[in-house]
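Let's take a friendly walk through this structure, one topic at a time. Keep the sequence and the 3D view at hand as you read.

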Amino acid sequence: MTMTDPVADMLTRLRNANSAHHDTVSMPHSKLKVNIAEILKSEGYISGWEVADATVGQTLKLSLKFGPNRERSIAGIKRVSKPGLRVYAKSTEIPKVLGGLGVVILSTSSGLLTDRQAEKKGVGGEVLAYVW
């Protein structure tokens, strides 16, 4: 069966592993997922990621990050733009998550960017997800 929304699958796997206090989560590899993982790592939501060979294709493995008393670093993740309803934002109307405490992941003509990077570059794009 083909998957219609691999980004939503990635975010759901990450959300489920985070709520179950797993240390790692694995998923099928793609360039888009690696870019999302790189943004999550640079923003401090995960501790790292790696690509490993599987029996068929490759697997992306994310290492989750927790506080000293196992507090989750990811409080929530929400998929915004879906295959049935795409959501776009102009460079002047990029949404804020928790008044700027969270991160908006945007797919722009300059690649995947956070809301702060997109505002700095002056580009808009498709709003993929909110992370807080």
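## A starting point in α1

Arg15 is placed in helix α1. Please keep in mind that what you are looking at is a predicted model. With 34% relative accessibility, Arg15 falls in the partly exposed class, since that class sits between the buried limit of 20% and the exposed limit of 50%.

If you would like a sense of distance across the model, try pairing Arg15 with Asp115. Along the sequence they are 100 residues apart, and their C-alpha atoms are 21 Å apart in space.

## How α1 and α2 meet

Helix α1 covers residues 6–19 and helix α2 covers residues 31–42; their axes come within 10 Å and cross at roughly 40°. Are the two helices parallel, perpendicular or oblique to each other? An angle under 35 degrees would count as roughly parallel, and 65 to 115 degrees as roughly perpendicular, so α1 and α2 are oblique to each other. As for handedness, the crossing of α1 past α2 is right-handed.

## From α2 to β7

Ile36 is part of helix α2, and its relative accessibility of 2% makes it buried. Leu112 belongs to strand β7, which spans residues 111–114. This leucine is also classed as buried, because its relative accessibility is 16% and the limit for that class is 20%.

These two residues are 76 apart along the chain, yet the C-alpha atoms of Ile36 and Leu112 are separated by 7.4 Å. You can make a similar check with Glu38: its C-alpha atom and that of Leu112 are separated by 9.7 Å, for a pair 74 residues apart along the chain.

## Salt bridges

How many salt bridges does the structure hold? There are six, and three of them are described here.

One of the six joins Asp5 and Arg79, whose closest N and O atoms are 2.9 Å apart. This pair links distant parts of the chain, with Asp5 in the segment before α1 and Arg79 in strand β4 (residues 77–79), 74 residues apart. Are these partners buried or exposed? Asp5 has a relative accessible area of 14% and is therefore buried; Arg79, at 10%, is buried as well.

Next comes a pair within one helix: Arg13 and Asp9 form a salt bridge with their closest N and O atoms 3.0 Å apart. Both residues lie in helix α1, four residues apart, which is about one turn of the helix. Arg13 has 32% relative accessibility, so it counts as partly exposed.

In another salt bridge, the side chains of Glu119 and Lys96 meet at 3.2 Å, N to O. Glu119 is in helix α3 (residues 115–121) and Lys96 is in the loop between β5 and β6, so this contact ties together parts that are 23 residues apart in sequence. Glu119 is partly exposed at 37% relative accessibility, and Lys96 is partly exposed too, with a relative accessible area of 43%.

## The loop between β5 and β6

The loop that holds Lys96 has further points to look at. Leu101 is also found there, between β5 (88–89) and β6 (103–108). Its relative accessibility of 70% is over the 50% limit, so Leu101 counts as exposed. Leu98 lies in this loop between β5 and β6 as well, and it counts as exposed because its relative accessibility is 54%.

Which residues make the nonpolar surface patch of about 340 Å²? The patch is formed by Leu98, Leu101 and Trp132.

## Positive phi angles

Now for the backbone. Most residues other than glycine have a negative phi, so a positive value in such a residue is worth a look. Leu98 is an example: although it is not a glycine, its phi is positive, at about 55°.

His21 gives another example, with a positive phi near 60° in a residue other than glycine. This histidine sits in the loop between α1 and β1 (24–28). Its relative accessible area is 31%, so His21 is partly exposed.

How values were computed
Residues are numbered from 1 along each chain as its sequence is written. This is a predicted model: local features need pLDDT of at least 70, side-chain atom pairs count only at pLDDT 80 or more; totals for chains, interfaces and linings use all residues. Side-chain values use heavy atoms; hydrogens and water are left out. Patches are made of residues with over 30% relative accessible area and no salt bridge: like charges are joined within 9 Å, nonpolar side chains (Val, Leu, Ile, Met, Phe, Trp, Tyr) within 5 Å. Accessible areas come from the Shrake-Rupley method with a 1.4 Å probe; for residues, only the protein chains shown count as cover. A salt bridge is a side-chain nitrogen of Lys or Arg within 4 Å of a carboxyl oxygen of Asp or Glu. Buried means under 20% relative accessible area, exposed over 50%, partly exposed in between (1.4 Å probe, protein chains only). Axes are lines fitted to C-alpha atoms, for helices over the stretch in contact, and angles run from 0 to 180 degrees between N-to-C directions. Angles under 35 degrees count as roughly parallel, over 145 as roughly antiparallel, 65 to 115 as roughly perpendicular and the rest as oblique. A crossing is left-handed if the near helix is turned anticlockwise from the far one by less than a right angle, and right-handed if clockwise.
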